[in-house]
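Biologist: Before I trust any of the labels on this one, I'd like to hear what each rests on. Can I quiz you?

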Number of protein chains: 2
Amino acid sequence: MTESPVHHEPPIYRRIADRLRDQILSGSMSDGDRLPGENALMAEYGIARATARQALAVLINEGLAVPRRGSGVYVRLFRPIRRHGSRRLSREQWGQGRAIWDSDTRGRSYTVDEVHIEREPATEQVARLLDTDDVWVRRRRYLVDGRPVQLAASHFPADLVEGTAVTLPDTGPGGVYARLGDLGYSPAHFTEEVRARMPQPKEAELLGLPAGTPVIIISRIAYAAGGVPVELNEMTLDAASYVLQYDFDA
Amino acid sequence: MTESPVHHEPPIYRRIADRLRDQILSGSMSDGDRLPGENALMAEYGIARATARQALAVLINEGLAVPRRGSGVYVRLFRPIRRHGSRRLSREQWGQGRAIWDSDTRGRSYTVDEVHIEREPATEQVARLLDTDDVWVRRRRYLVDGRPVQLAASHFPADLVEGTAVTLPDTGPGGVYARLGDLGYSPAHFTEEVRARMPQPKEAELLGLPAGTPVIIISRIAYAAGGVPVELNEMTLDAASYVLQYDFDA
DNA sequence: ATCATTGATTTCTCTAGAGATGTCCCGCAC
DNA sequence: GTGCGGGACATCTCTAGAGAAATCAATGAT
């Protein structure tokens, strides 16, 4: 930020971190490699344990390294999944569900780990966006190669799906959008907000995120013809696992 | 991740962090408020300074708090700028340049802090995407209310702009896209990749990012008719300052 | 009135040590 | 082979102390 006129040398822990980061980013270390541990750094630089920890904490907080208790600290390079922007979704693809996934996971196995479906009072934000107090929420967790990478929560106005509440959030064949279409609320317009931040502890736990991993949050609202909001889908993605892709014409 | 069967109580520093986080997120503290400092926590909980520091470091690394040396630790809530997806861009808007910004900064002042324009050899990634070794790069830094919030680097194939090199990266009236149009390479198609990660030290420095702030990276490629790539624009955004917005029809 | 200095406060950096906790692997018993 | 015990090892948590560096307000000299 504001640099003082005198150039102070960075503290030891930071210089060590810089050296290690260079090694990681220059490619001389690869994904699962083990970094020098606390003891090794203590010996090599003649520093105390706390200082060695601090150096490693820098890399861990940057998301470039992952500590494994009782084992060591390991390099973590990002191996993102490409996730196409909804621009790509066509009505035909809705019925297939996984179509947009299969081509994007580079052969890695993709599964859903259903969490739960239930009716609940809407939070303030959801109530404002969906224009109702009472919603059905369908929460899911997505796994790639057995590891959780995404949380999703779809909110449906309860009054809109009255009587069909059992079958709507419970997708069934053709997916949720087909169900909405059956009710005469086929989505015609979408808005999508994308943001990134550090995860809440609960999110970090559910996604198994090591320290220093941001999450990407996509909030998509589907509107039926006439501008009626029919679904709010909030997706929380492990930022290390995802690249979003949008494409469009001028 | 894998939870042990016995529920261990979290360590003290983590419980303190949890308490403070609740206070911040519940709204009982607001944006610039001062958190209890190291000394206060030491006295209140009867712990050592290092432990108090550890508790505060949790919040700092989560991006919820910002330390100011010699002053204290302060709450930081995100105040995002809405940034519309390029889907919104129309040819008429290109000519205005700032149109997509003025409506999105909520009245905050938006300025550009030009960094430099120069011809340089392409990095491996840029060479692959733009299909050339030799590019002009135009780097900019964007400020809102005097604070840096975005870095941008536009890459143009050097052979494509041969002879006009002086005027192309140097926008001029009508913006870069108008210049490309004059050369017969009006962009017709775009792809955009969005990812998020923790910033590199250099990025953090240029953007003045406190610890725990991720960056959003948008890589947009503009293609002229015929599929010729004419620009690679890489934008690095302070994730605390931006919300991306896309909207589209089914 | 303006500017420089001082002092109190607070975060930052680092040392030294110790016990707890989780992981890995080898060897032994079954 | 399989499963279990135990030791080696590494990270994790915490204590206690001390000097460095930045901020801010009050004090004092010009």
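Modeller: Sure, let's start with B:Arg53: an N or O atom in its side chain is 3.3 Å from a phosphate oxygen of DNA strand C. Keep in mind that this is a predicted model, where local features need pLDDT of at least 70 and side-chain atom pairs 80 or more, while totals for chains, interfaces and linings use all residues. Residues count from 1 along each chain as its sequence is written, chains are lettered from A and ligands numbered from 1 in the order written, and side-chain values use heavy atoms, without hydrogens and water.

Biologist: What makes the pair of B:Arg53 and the phosphate oxygen of DNA strand C a polar contact?

Modeller: A polar contact is a pair of N or O atoms within 3.5 Å (within protein, one must be able to donate a hydrogen and the other to accept it, and residues adjacent in sequence count only if both atoms are side-chain atoms). The B:Arg53 pair, at 3.3 Å, therefore qualifies. Backbone atoms touch DNA strand C too: an N or O of A:Ala48 lies 2.9 Å from a phosphate oxygen, and one of A:Gly70 lies 3.3 Å from a base nitrogen.

Biologist: Which residues are closest to DNA strand C, and how many surround it?

Modeller: 23 residues surround it, the closest being A:Ile12, A:Tyr13, A:Thr51, A:Arg69 and B:Gly37. To count as near, a residue needs a heavy atom within 4 Å of the strand. Of the atoms of DNA strand C within 4 Å of the protein, sugar and phosphate make up 71%.

Biologist: And what about DNA strand D: which residues are closest there?

Modeller: A:Gly37, B:Ile12, B:Tyr13, B:Thr51 and B:Arg69, out of 24 that surround it. Here sugar and phosphate give 79% of the DNA atoms within 4 Å of the protein. A polar side-chain atom of B:Thr51 lies 2.5 Å from a phosphate oxygen, a polar backbone atom of B:Ile12 is 2.7 Å from one, and a backbone N or O of A:Glu38 is 3.1 Å from one. The elements giving two or more residues to that surface are α2 (38-45), α3, β2 and β3 of chain A, plus α1 (12-25) and α3 of chain B.

Biologist: How do you know what counts as a helix or a strand?

Modeller: They're DSSP runs numbered from the N terminus: helices are H or I with at least four residues, strands are E with at least two. Chain A has eight helices and 11 strands by that rule.

Biologist: Why are β1 and β2 of chain A called edge strands?

Modeller: The three-stranded open sheet runs β1-β3-β2 in chain A, with antiparallel pairing. β1 (34-35) and β2 (65-68) each have a single partner strand, so one side of each has no neighbour in the sheet. Pairing means that DSSP finds at least two bridges between strands. β1(A) and β3(A) have two bridges, so they count as paired. A:Arg34 has A:Tyr74 as its bridge partner in β3(A).

Biologist: What makes A:Thr213 buried?

Modeller: Buried means under 20% relative accessible area, exposed over 50%, and partly exposed in between (1.4 Å probe, protein chains only). A:Thr213 has 1%, so it counts as buried. This residue sits in the loop between α8 (201-207) and β9 (215-224) of chain A. Its side chain makes a polar contact with the side chain of A:Arg76 at 3.1 Å, and a polar side-chain atom is 2.9 Å from the backbone oxygen of A:Pro210.

Biologist: Which strands join up between the chains in the eight-stranded sheet?

Modeller: The order is β5(A)-β6(A)-β7(A)-β10(A)-β9(A)-β8(A)-β11(B)-β4(B), an open sheet with mixed pairing, where β8(A) sits beside β11(B). The edge strands, each pairing on one side only, are β5 (110-121) of chain A and β4 (81-84) of chain B. Inside that sheet, β6(A) and β7(A) pair antiparallel over 10 bridges, and A:Trp136 stands opposite A:Phe156.

Biologist: What about β8 of chain B: which strands does it pair with?

Modeller: β11 (242-249) of chain A, antiparallel over six bridges, and β9 (215-224) of chain B, antiparallel over 10. A:Gln245 has B:Glu193 as its bridge partner, and B:Arg195 stands opposite B:Ile217. β8(B) is also mostly covered, with eight of its 11 residues buried.
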